[in-house]
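Trainee: I have just opened this entry and would like to go through it with you. May I ask things as they come up?

Mentor: Please do; let us begin once the structure is in view.

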Number of protein chains: 2
Amino acid sequence: MTAQARSSKPGPRRTLTESAIMEAALDLLDEGGVTAASVRGIAGRVGVAPNAVYTYFPDKAAVVKAIVEHLLGQVDLAVFSDRNVPWRQRIESLALELRGRLTAHPGAVNLMIGGPMDGPRALALNEHLMETLRDSGLDAGEAARASYLLIVYVFGSIALETAELGDKPGASSEDERIAARLKGFSAIPAAGYPLSAGATAVMATYVSTRQYTWGLHRILDGIAGE
Amino acid sequence: MTAQARSSKPGPRRTLTESAIMEAALDLLDEGGVTAASVRGIAGRVGVAPNAVYTYFPDKAAVVKAIVEHLLGQVDLAVFSDRNVPWRQRIESLALELRGRLTAHPGAVNLMIGGPMDGPRALALNEHLMETLRDSGLDAGEAARASYLLIVYVFGSIALETAELGDKPGASSEDERIAARLKGFSAIPAAGYPLSAGATAVMATYVSTRQYTWGLHRILDGIAGE
DNA sequence: GCCTATTTCTGTACGGTGTACAAACTGTAC
DNA sequence: GTACAGTTTGTACACCGTACAGAAATAGGC
């Protein structure tokens with residue numbers, strides 16, 4: 001409200017910002033998984049004492065929360081609000097976009113599962129999903145349940161797929177993740193792994209976008225076909 | 001092979017067993033969540049020095065793994081192998097049984113998500129799911145994908161539902177968990193929460209078995225209806 | 001009977017974590 | 001120049017998982 005609002009505060013030239021901390025944390029998360037993203041590690045990467053972080057965030061959980069919200073914020077919800085596009089296609093786009101954004105940072109996804117997803121971005125995403133489901137002709141109750149189902153599927157699959165690999169650095173692309181997942185499943189033929197008979201094959205399919213999309217279609221079939 | 005195989009080893013009278021450690025850990029998990037289930041806490045509950053645990057388990061991860069396998073072992077797979085029962089009904093029973101067993105120990109479920117589920121019991125469960133899906137008339141590839149979808153749903157929903165509450169003690173029954181979940185969502189009317197319009201309502205539905213079953217039916221509809 | 005081998009448990013310690021507290025520093029405003 | 005306020009650091013605490021050496025206790029061989 002006062003006229004003289006600018007960068008005119010006492011104190012030393014600040015070498016730290018919220019975004020610098022978040023970037024460093026996300027880098028560490030991508031490189032070394034959840035174990036690498038310690039407060040000391042974050043501060044060290046920015047070249048600062050560990051406690052300096054607490055000037056900008058009340059605790060480590062707040063840093064995590066900010067990163068999660070940042071990632072969810074990269075999903076442009078406006079694109080999926082076009083009511084000329086059929087609702088199934090809108091949901092599918094959203095699910096694939098979300099998967100793409102989040103599996104690029106497996107370590108961050110691992111952190112999501114631990115804490116509550118109750119930030120503004122997470123709630124907005126939920127809200128949008130509800131809105132789209134309303135266009136499907138479902139009543140409010142069914143739309144709420146379908147939203148639950150879809151959220152479980154989208155986040156559940158990402159969670160299960162990245163949980164095992166979240167702590168291992170360097171497995172960012174889908175191919176690398178599939179390779180890492182297949183390692184240790186000797187019963188699986190090198191090529192065409194989804195067709196193997198045993199449970200090991202199922203474990204291996206966890207990481208394939210193809211399976212993900214198939215499952216999404218089956219869910220949408222189930223929702224629409226009633 | 002030798003005839004004199006009995007309890008005839010030197011050493012002091014053991015006050016510790018694998019199962020005593022696992023029981024103490026599970027108790028702490030139920031009471032105080034993952035943070036309470038520390039090695040020091042486990043040992044303290046049994047009345048022993050922390051390092052004594054390492055006589056029976058190589059590390060803490062092994063304790064967790066043993067607990068997970070123990071819980072999965074409580075699910076009697078033989079009951080679901082009756083081929084006279086329709087495959088959909090068999091899968092539904094399995095999913096509900098699993099949910100019941102696991103949501104009784106939210107803290108343990110939280111631990112499951114972190115580590116790989118590659119123990120004998122987990123693989124057997126997978127195998128059984130595959131087998132049942134084969135009876136549905138799907139080919140091997142589709143059965144594998146459907147298995148993926150179902151595993152994601154069953155474990156994903158449990159994971160998402162219990163992640164937030166896993167660290168909070170005393171929320172073991174479904175009613176308590178719903179109450180805890182609803183706390184903080186002021187926009188939700190006290191009764192009939194699934195019908196509220198906003199995303200908060202969807203968040204609240206996470207904990208209801210009704211939603212869980214509804215989603216399961218929609219998935220089975222999607223799988224069967226093609 | 002003692003002696004010895006073997007197993008279980010304890011004492012202590014190391015490096016790691018998140019974080020609280022007070023002091024030191026660095027800049028702006030008067 | 002002096003006072004003030006915001007930023008960063010030094011130090012410390014309680015906790016974590018766990019490695020290592022030694023003590024306690026019991027079995028079998030003589």
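Trainee: Is G33(B) buried or exposed?

Mentor: G33(B) is buried, because its relative accessible area is 1%. Buried means under 20% relative accessible area, exposed means over 50%, and partly exposed lies in between, with a 1.4 Å probe and protein chains only. Before we go on, note that this is a predicted model, in which local features need pLDDT of at least 70 and side-chain atom pairs count only at pLDDT 80 or more, while totals for chains, interfaces and linings use all residues. Residues are numbered from 1 along each chain as its sequence is written, chains are lettered from A and ligands numbered from 1 in the order in which they are written, and side-chain values use heavy atoms, with hydrogens and water left out.

Trainee: Where does G33(B) sit along the chain?

Mentor: G33(B) belongs to the loop between helix 1 (18-32) and helix 2 (39-46) of chain B. Helices (H or I, at least four residues) and strands (E, at least two) are DSSP runs, numbered from the N terminus. In space, the C-alpha of G33(B) is 4.9 Å from that of G107(B), although 74 residues separate the two in sequence.

Trainee: Changing topic, how many helices and strands are there in chain A?

Mentor: Chain A has ten helices and zero strands. Read from the N terminus, its elements are α-α-α-α-α-α-α-α-α-α.

Trainee: And what share of chain A is buried?

Mentor: Of the 226 residues in chain A, 50% are buried. One can also look at contacts, meaning heavy atoms within 4.5 Å. Among those in chain A between residues at least 6 apart in sequence, 66% join residues at least 24 apart.

Trainee: Could we take a residue of chain A: is N126(A) buried or exposed?

Mentor: N126(A) counts as buried because its relative accessibility is 3%. Its place is in helix 6 (residues 120-134) of chain A. The C-alpha atoms of N126(A) and I151(A) are 8.2 Å apart, with their positions 25 residues apart along the chain.

Trainee: What about E23(A), buried or exposed?

Mentor: E23(A) counts as exposed, since its relative accessibility is 53%. This residue is in helix 1 (residues 18-32) of chain A.

Trainee: Now the DNA. Which residues are closest to DNA strand D?

Mentor: The closest are T15(A), A49(A), N51(A), R40(B) and Y54(B), out of 26 residues that surround DNA strand D. Sugar and phosphate supply 61% of the atoms of this strand that come within 4 Å of the protein. A residue is near a molecule or strand if one of its heavy atoms lies within 4 Å of it.

Trainee: What touches the phosphate oxygens of DNA strand D?

Mentor: For one, a polar backbone atom of T15(A) is 2.5 Å from a phosphate oxygen. A polar backbone atom of A49(A) is also 2.5 Å from a phosphate oxygen of that strand. From chain B, a polar side-chain atom of R13(B) lies 3.0 Å from a phosphate oxygen of DNA strand D. These are polar contacts: pairs of N or O atoms within 3.5 Å, where within protein one must be able to donate a hydrogen and the other to accept it, and residues adjacent in sequence count only if both atoms are side-chain atoms.

Trainee: Which residues come nearest to DNA strand C?

Mentor: R40(A), Y54(A), T15(B), A49(B) and N51(B) come nearest, among 26 residues around DNA strand C. For this strand, sugar and phosphate make up 62% of the atoms within 4 Å of the protein. A side-chain N or O atom of Y54(A) is 2.7 Å from a phosphate oxygen of DNA strand C. Backbone N or O atoms take part too: that of K60(A) lies 2.9 Å from a phosphate oxygen of the strand, and that of A49(B) lies 2.6 Å from one.

Trainee: One last residue: is R218(B) buried or exposed?

Mentor: R218(B) is buried, because its relative accessible area is 6%. It lies in helix 10 of chain B. A polar side-chain atom of R218(B) is 3.4 Å from the backbone oxygen of G222(A).
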